[in-house]
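Here is my note on the model you sent. Please read it with the coordinates open.

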Amino acid sequence: MIKNFIISGSGGQGVLSIGSILANIFMLDDLFVTYCTCYGAEMRGGAVNCEINMSDKEINTLQNEKVDFVIALNQASFDKFISKVKENGTMIVNSSLAKIVKPRDDIKYIFIPFSEEATKLGDIRMTNSIALGVLSKILGNFKLENVKKGYEKVLSSKTELIQKNIDAYLLGHNLK
Amino acid sequence: MSEKVLLKGNIAIAKAALNCGCSCYFGYPITPQTEIGEYLSAKMQEKKLAYVCAESEVAAINMALGASSTGAKVMTSSSSCAVALMQEALSYAASDELPIVLVNVMRAGPGQGYIFPSQGDYNQATVGGGNGDYKTIVLSPSSVQECADMTYKVFYLAQKYRNPVILLVDGLLGQMAEPITIKDNPYPNIDNSSWILNGAKNRASRKIHSLEPNPSILEERTLKLHQKYLEIEKNEVDWEEYNCENADYIITAFGSMARIAKSVADYYKTKGLNFGVFRPKTLYPFPYDRLRELSKKTKIFFDVEMNLGQMHKDVCQAVSQNSQIFFIGKPAGEWLKQDEIIKAIDNIFEGQYATSI
């Protein structure tokens with residue numbers, strides 16, 4: 001069973017960090033994963049997205065016309081990827097930075113003000129981890145041990161931020 | 001050692017190169033392979049190995065030739081339009097019998113083109129743009145795991161045959177991350193003490209040069225090279241088959257395109273059609289014999305490439321005249337997707353044949 005994901009936002013929002021953490025969590029769960037990143041010439045503020053495929057079998061459909069899940073951390077990402085969600089797929093939106101509108105009626109929407117939740121936690125940089133927590137709740141099968149290992153691998157040069165991010169992840173997980 | 005890690009193809013290549021003893025890297029940055037040099041620039045300094053960011057690609061590969069003549073395991077990496085600049089040196093390396101590893105992570109051409117995905121360098125790699133009767137061994141990985149495994153193999157083949165070897169990588173694979181296991185280098189070290197230039201103390205002097213004004217010696221030398229290529233063609237042909245035995249239809253593809261071809265074969269299986277996928281792992285030497293054998297049973301072939309039909313001519317040469325071969329491809333831009341290939345094949349089934357989509 002193959003599932004695919006797009007995570008999108010602007011440079012500095014931690015799109016590639018949670019993309020890489022998600023891919024690592026799947027890997028640690030002994031699943032097949034492919035992880036592709038895409039970013040513009042500019043870093044902070046520019047459009048950034050990544051695409052992840054996950055399956056219990058070898059992955060051969062490397063590029064997808066449409067995906068099961070999109071996480072959009074801002075309005076531009078919502079606008080760009082709304083058409084990429086499969087029928088009955090899910091659009092997870094940071095409603096702090098995107099309007100609550102539902103232009104398609106054949107997909108599911110989850111609007112949560114991730115940036116505000118992160119600010120309440122005391123660090124707006126945790127926006128991405130709260131979103132990852134929400135996704136984990138929907139997928140429903142991450143081992144916390146693998147989540148911790150995933151964060152440790154990706155944030156190995158920022159160890160002081162690991163626990164904070166895991167707390168944010170858990171907050172997202174328990175939001176819905 | 002056996003722990004899985006999530007790595008980009010470019011990093012997997014760089015790590016494997018270090019693992020199998022690459023002691024000199026010369027390169028000039030170009031997307032989509034820059035991470036190879038970036039990774040090595042830090043690691044080689046740590047290990048006190050030679051890393052040179054050269055002033056141009058021409059300089060980089062000629063530095064590789066020089067270092068190789070002293071017995072060092074050398075590598076350079078680049079991309080399409082810049083690999084074009086290196087063709088003269090490849091001919092010299094073949095003539096001088098120097099083991100050179102060249103990694104080409106492809107982008108779109110012709111000319112400078114752009115960083116879009118493409119498999120447009122099949123001809124450049126397998127036919128070559130240098131002068132004279134020379135050949136370059138070419139390996140083509142289809143996964144990040146193979147990027148690492150084949151890096152070991154290209155170093156081994158370069159040493160074994162004293163010949164330039166190209167690792168031809170899709171830009172998609174260079175940039176995509178997958179979980180892989182970095183294994184130990186499975187290949188033996190090759191003794192090079194009989195030919196390297198390491199100082200003539202206590203032995204007769206040696207020369208490595210390609211200039212040869214004596215016609216009979218030049219003829220003899222070129223024939224000797226030719227014998228070596230025949231040996232390579234006999235020993236080193238490698239390929240992968242996916243449900244090819246008794247297939248009614250076979251898709252031929254190389255690199256990561258072969259994986260998308262597998263997903264197409266899986267789709268047709270659910271429709272009750274018997275599709276196989278044939279993937280050359282060595283582009284030179286090309287697996288003509290095995291493909292010819294398969295074409296005794298299979299009568300319809302679809303050749304799928306991210307170019308306008310470069311491997312196609314090798315498939316045509318291999319497949320028997322009683323079989324039909326249809327080409328599906330596009331030169332650049334977004335990678336061909338499963339549903340686009342299915343649509344093209346369905347169109348062919350309905351009698352609407354176009355050479356590219």
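The points below go from confidence to domains, core, strands and the chain contact.

1. **Confidence.** This is a predicted model. The predictor gives the complex an ipTM of 0.91 and a pTM of 0.95. Chain B has an average pLDDT of 96. In that chain, 98% of the residues score at least 70.

2. **Domains of chain B.** The assignment splits chain B into domain 1 (4-235) and domain 2 (240-349). Their C-alpha centres are 28 Å apart. The two domains touch: domain 1 of chain B puts 25 residues into the contact, and domain 2 of chain B puts in 22.

3. **The domain 1 side of that contact.** Which elements of chain B give two or more residues to the side of domain 1 that touches domain 2? They are α6 (122-126), β6 (137-139), β7 (165-170), α8 (171-175) and α9 (215-235) of chain B. α6(B) gives the most, with 4 residues. By residue class, this side of domain 1 of chain B has 13 nonpolar, 9 polar and 3 charged residues.

4. **The largest nonpolar core.** This core holds 152 residues. Four of them touch the most other members: A:Ala131, B:Val101, B:Ile251 and B:Ala261. Domain 1 (4-235) and domain 2 (240-349) of chain B each supply at least three residues to this core.

5. **A:Ala131.** Take this core member by itself. Leaving out residues up to four places away in sequence, A:Ala131 touches A:Ile18, A:Ile71, A:Leu73, A:Ile92, A:Asn94, A:Phe114 and A:Gly172.

6. **Strand β5 of chain B.** Why is strand β5 (residues 100-106) of chain B largely enclosed by the rest of the structure? Because 7 of its 7 residues are buried. Both faces of β5(B) are covered. One side carries B:Ile100, B:Leu102, B:Asn104 and B:Met106. The other carries B:Val101, B:Val103 and B:Val105. B:Val101 also appears in point 4, among the core residues that touch the most other members.

7. **Partners of β5(B).** Strand β4 (residues 74-78) of chain B runs parallel to β5(B), joined by 5 bridges. β7(B) also pairs with β5(B) in the parallel sense, over 6 bridges. B:Val103 is a useful residue to look at. B:Ser77 stands opposite B:Val103, and in β7(B) the bridge partner of B:Val103 is B:Leu167. β7(B) is also one of the elements listed in point 3 for the side of domain 1 that touches domain 2.

8. **A strand pair in chain A.** Strand β3 (residues 47-55) of chain A is mostly covered, with 7 of its 9 residues buried. It is joined to strand β1 (residues 3-10) of chain A by 8 bridges, and the two run antiparallel. For one pair to check, A:Gly9 has A:Val48 of β3(A) as its bridge partner.

9. **Contact between the chains.** On the chain B side 17 residues take part, in contact with 12 residues of chain A. Which elements of chain B each supply at least two residues to the side that touches chain A? They are β1 (4-8), α8, β8 (177-181), α10 (257-270) and α13 (338-349) of chain B. α10(B) has the largest share, 4 residues. The chain B side divides into 7 nonpolar, 4 polar and 6 charged residues.

10. **One element to inspect twice.** α8 of chain B gives residues to the side of domain 1 that touches domain 2. α8 of chain B also supplies residues to the side of chain B that touches chain A.

Methods
Residues are numbered from 1 along each chain as its sequence is written. Chains are lettered from A and ligands numbered from 1 in the order in which they are written. This is a predicted model: local features need pLDDT of at least 70, side-chain atom pairs count only at pLDDT 80 or more; totals for chains, interfaces and linings use all residues. Domain bounds come from an automatic or database domain assignment. Two residues are in contact if their C-beta atoms, placed from the backbone, lie within 7 Å. Ala, Val, Leu, Ile, Met, Phe, Trp, Tyr, Cys and Pro count as nonpolar, Asp, Glu, Lys and Arg as charged, and the others, Gly among them, as polar. A nonpolar core is a set of buried Ala, Val, Leu, Ile, Met, Phe, Trp, Tyr and Cys residues joined through C-beta atoms within 7 Å. A residue is buried if 20 or more other C-beta atoms lie within 10 Å of its own, exposed if 12 or fewer, and partly exposed in between; C-beta atoms are placed from the backbone. Two strands pair if DSSP finds at least two bridges between them. pLDDT is the predictor's confidence in each residue, from 0 to 100.
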